[in-house]
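User: Please take a close look at the interior of this protein, meaning its packed cores and its empty spaces. I would like one connected account.

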Amino acid sequence: MTTSPDPPSDLDDVLADIRACRACAGELPHVPRPVVRVFPETRLLICGQAPGRRVHESGLPFTDPSGDRLRDWLGVDYATFYADRRIGVAAQAFCYPGTAVKGGDYPPPRRCAELWRPRLLQALPRMELTLLVGGYAQAWALGGKAGKTMTETVRAWRDHGPSILPLPHPSWRNTAWLRRNPWFKDEVLPYLRHRVGGILAADA
């Protein structure tokens, strides 16, 4: 007797739709290439702002120096970051928005989050912790609960737990911010590594 394959899940459907999305075609300086990496097992969701140029080229999230710093913050190595399906990455916008004339990337377009984020999150019922990486992601997810600045939001990290943790972006551009705010390394990173360790050890 043959058995039919399992029907596509809600998550399969939404991921297929996201990867086929061309809503911003003609507005971006390149062909849209949505980058999202989540699984039914995902419990830790990393929500950054949007892919950078290197991620646009690789098709994998955080394959850049920002990713190296982020993995150090999490306390996980490169192999674990990409092999453990309990770790997922879904930025506020899934396509690289392009580089501004004065340097740095353009802001993530709100259209992407409005189109896809509610449906995607609904298809991830096992979520335990969402990391809001950078001010744009924090403003979108927290709304009026976000501080006036990214620093205010991250400094009030205890107010958003246990399911949400705001973080600065791990970009090299924030190196000076990290030096000016040693409390992030002393207070937030130990908590972050403890939570990540607990999530990854849960089914070990």
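Analyst: What follows goes from the overall chain to its cores, then to one buried residue, and last to the cavity and the pocket.

The model is a predicted one. The chain holds 9 helices and 4 strands, and along the sequence they run in the order α-β-α-α-α-β-α-β-α-α-β-α-α. Its radius of gyration is 17 Å, close to the 17 Å that the globule rule gives for 204 residues, so the chain is as compact as a globular protein of that length. The C-alpha trace spans about 65 × 45 × 35 Å along its principal axes. Of the 204 residues, 47% count as buried. Among contacts with a separation of 6 or more, 72% join residues that are 24 or more positions apart.

In soluble globular proteins, nonpolar side chains tend to be buried together. Here the largest nonpolar core has 28 residues. Those with the most contacts inside this core are Ile-46, Leu-74, Phe-81, Leu-131, Leu-167, Phe-184 and Leu-192. The elements that give two or more residues to this core include the strands β1 (44–47), β2 (87–89), β3 (129–133) and β4 (164–167). The helices that do so are α3, α4 (78–83), α7 (150–155) and α9 (182–201). Helix α9 gives the most to this core, with 8 residues.

Leu-167 shows how distant parts of the sequence meet in contact. Leaving aside neighbours within four places in sequence, Leu-167 is in contact with Trp-73, with Leu-131, Leu-132, Val-133, Gly-134 and Gln-138, and with Val-154. Its contacts also include Phe-184, Val-188 and Leu-192. A second, separate core has 16 residues, among them Val-38, Leu-45, Cys-112 and Trp-116.

Strand β1 also holds Cys-47. Is this residue buried or exposed? Cys-47 has 2% relative accessibility, and therefore counts as buried. Not counting residues up to four places away in sequence, Cys-47 touches Ala-90, Ala-91 and Gln-92, then Arg-117, then Thr-130, Leu-131, Leu-132 and Val-133, and also Ala-137. Cys-47 and Gln-92 are 45 residues apart in sequence, yet 6.2 Å apart in space, C-alpha to C-alpha. Leu-131, Leu-132 and Val-133 are contacts of Cys-47, and they are contacts of Leu-167 as well.

Next come the empty spaces. A search of the whole structure finds 1 cavity of 30 Å³ or more. The space in the largest cavity is about 140 Å³. It is lined by 17 residues, of which Cys-21, Cys-24, Phe-94, Cys-95 and Cys-112 are the closest to its centre. Cys-112 thus appears in this lining and in the second core. Helix α5 (residues 110–122) gives the most to the lining of the largest cavity, with 4 residues. By class, this lining has 15 nonpolar, no polar and 2 charged residues.

The largest pocket has a volume of about 980 Å³. Its lining has 33 residues, and Gly-52, Ser-66, Asp-105, His-169 and Ser-171 lie nearest its centre. The elements that give two or more residues to this lining are α2 (53–58), α3 (65–74) and α6 (135–142). The largest share, 3 residues, comes from α2. Helix α3 gives residues to the pocket lining and to the largest nonpolar core. By class, the lining of the largest pocket has 17 nonpolar, 11 polar and 5 charged residues, whereas the lining of the largest cavity has no polar residues.

Notes
Residues numbered from 1 in each chain as written. Predicted model: local features only at pLDDT ≥ 70, side-chain atom pairs only at ≥ 80, totals over all residues. Heavy atoms only, no water. 1 Å grid on protein atoms, 1.4 Å probe; cavity = no way out; pocket = protein on both sides within 12 Å on 5 of 7 lines; lining within 4 Å. Points joined across faces, edges and corners; volume = space filled by probe spheres on them. Nonpolar A, V, L, I, M, F, W, Y, C, P; charged D, E, K, R; others polar. Core = buried A, V, L, I, M, F, W, Y, C linked by side-chain atoms within 4.5 Å. Buried < 20%, exposed > 50% of the residue type's maximum accessible area, 1.4 Å probe, protein only. Contact = heavy atoms within 4.5 Å. Rg over C-alpha atoms; globule rule 2.2 N^0.38 Å.
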